[in-house]
Amino acid sequence: MKITDLKCAVIGQHPVVRIVTDQGISGYGQIESSKPYLKPQVLFYKDRILGSDPTDVERVMLKIRRLGSFKPWGSAVSAIEMALWDLAGKAAGLPVYKLLGGKVRDRVRVYNGGVRFPMEGHSPEAHAEAMRRMKAAKEGFTIIKQGVAYHSAMPRQVPNFSYGELHTGQRPANRGPLTEQGLKHVIACVEAMKGALGDEVGLALDCGPGWMVSDAIRLAKAVEPLNVMWLEDLLTGDYVPYVSADLYREVTRATSTPIHTGEQIYLRQNFQDLIEKHAVRIIGPDPADIGGIAELKWVAEYADLHGILMAPHGVLDGIIGLAALVQVSATLPQNYIAFEYPVARPEWWYDIMDGLPDPIVKAGFIEVWDRPGLGVTFNEQAAKKRLADEDRGFFD
Ligand SMILES: [Mg+2]
């Protein structure tokens, strides 16, 4: 089998990758909805993979893997890798999890990082109310993640929150020491959320990046009695092109609260320090950023050898990304906690794809499906109506 074309269409906000072969089958991969601008980067790899056998996934990846980087610049490589696995599975007539070594669980736990209800401000009570509504959500999530501090509007909306200079805009890269009032506000919100959830539903907190080491230690120690699932991306993380494992290690060594990072990190080599130095307790690579699903599996196995847990990121990965997460998570070792459930937007995404269970999430889990490849396919008739003019030929 040979690759004859690599196509990319922006559907909704997601760049979607299609690898076309000479045998009449195609593989699909998907980039986060926050990155519609990556279509030209996907096409950059086309000439490098044409003529390759897509079922030799690793051999194809060796041609393009070094031409990627930390989020967002590993996304195109990652989506191509997903599409290769989809193709390899379809060619073999097997679900991708079989090609990755077989499943070790029949259903995968997911956590809520994207099913949200409007929030009235940023008070502790508003946070508690949000948790009550999320706890009652039909998906029955057993873990809920909430953004706080620098991973929320708190720095701008809570008076005297930080000593740092605050930026505004779509992705304000705020960072700086917290005031005592700011720190106390975060802690009060965490206490209120735990009060609403009780001990039946786990609470994880996405915190930054942007914290100073000393403030991070204060927060982690203050919430120790609350048994939160993890504190995510305190120091580095989302769109930060470095890891700072030594700084994370200081925080981790100072507290029993699990520290988590990794969604922006590209490739196994860049997880090496975090893992070997035991710098965090949990890592959260995203298959759509780390370099693909086999890359994520490799990192998960290495983390397990070092006593580090897995909670993969995924909230914006869309439906093909969800399928990739289900397939790989079925195969992860026993350090697996849950992956972040992607919520597809716009809503019509659910009408242009076939293969999802209904409902998708039951009592906080997704049943692993057995169809070939990633196991979700486009309803081409419906999907064609969503193509932009320049992408009209995407399915041809
Ligand atoms: Mg995060």
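**Close-up views of a three-stranded sheet**

**View 1. The open sheet and its edges.** In this predicted model, three strands form an open sheet in the order β1-β2-β3, and their pairing is antiparallel. The edge positions are taken by β1 (3-11) and β3 (26-30); each has a single partner strand, so one side of each has no neighbour in the sheet. From one strand to the next, the twist averages 20 degrees. Strands of a sheet pair through backbone hydrogen bonds, in either a parallel or an antiparallel sense.

**View 2. Pairing of β1 with β2, and the hairpin.** β1 and β2 run antiparallel and are joined by eight bridges. One of the paired positions is Ile11, whose bridge partner in β2 is His14. Two residues lie between the strands of this hairpin, and Gly12 there adopts a positive phi near 65 degrees. Of the nine residues of β1, seven are buried, so the strand is largely enclosed by the rest of the structure.

**View 3. Pairing of β2 with β3.** Strand β2 covers residues 14-21 and pairs with β3 in the antiparallel sense, over five bridges. Val16 has Gln30 of β3 as its bridge partner.

**View 4. Helices lying across β2 and β3.** Helix α4, formed by residues 75-92, lies across β2 and β3. The direction of α4 is at about 145 degrees to β3. Helix α13, formed by residues 318-329, also lies across β2 and β3. For α13, the angle to β3 is about 100 degrees.

Conventions. Residues are numbered from 1 along each chain as its sequence is written. This is a predicted model: local features need pLDDT of at least 70, side-chain atom pairs count only at pLDDT 80 or more; totals for chains, interfaces and linings use all residues. Two strands pair if DSSP finds at least two bridges between them. Helices (H or I, at least four residues) and strands (E, at least two) are DSSP runs, numbered from the N terminus. Axes are lines fitted to C-alpha atoms, for helices over the stretch in contact, and angles run from 0 to 180 degrees between N-to-C directions. Two residues are in contact if their C-beta atoms, placed from the backbone, lie within 7 Å. A residue is buried if 20 or more other C-beta atoms lie within 10 Å of its own, exposed if 12 or fewer, and partly exposed in between; C-beta atoms are placed from the backbone.
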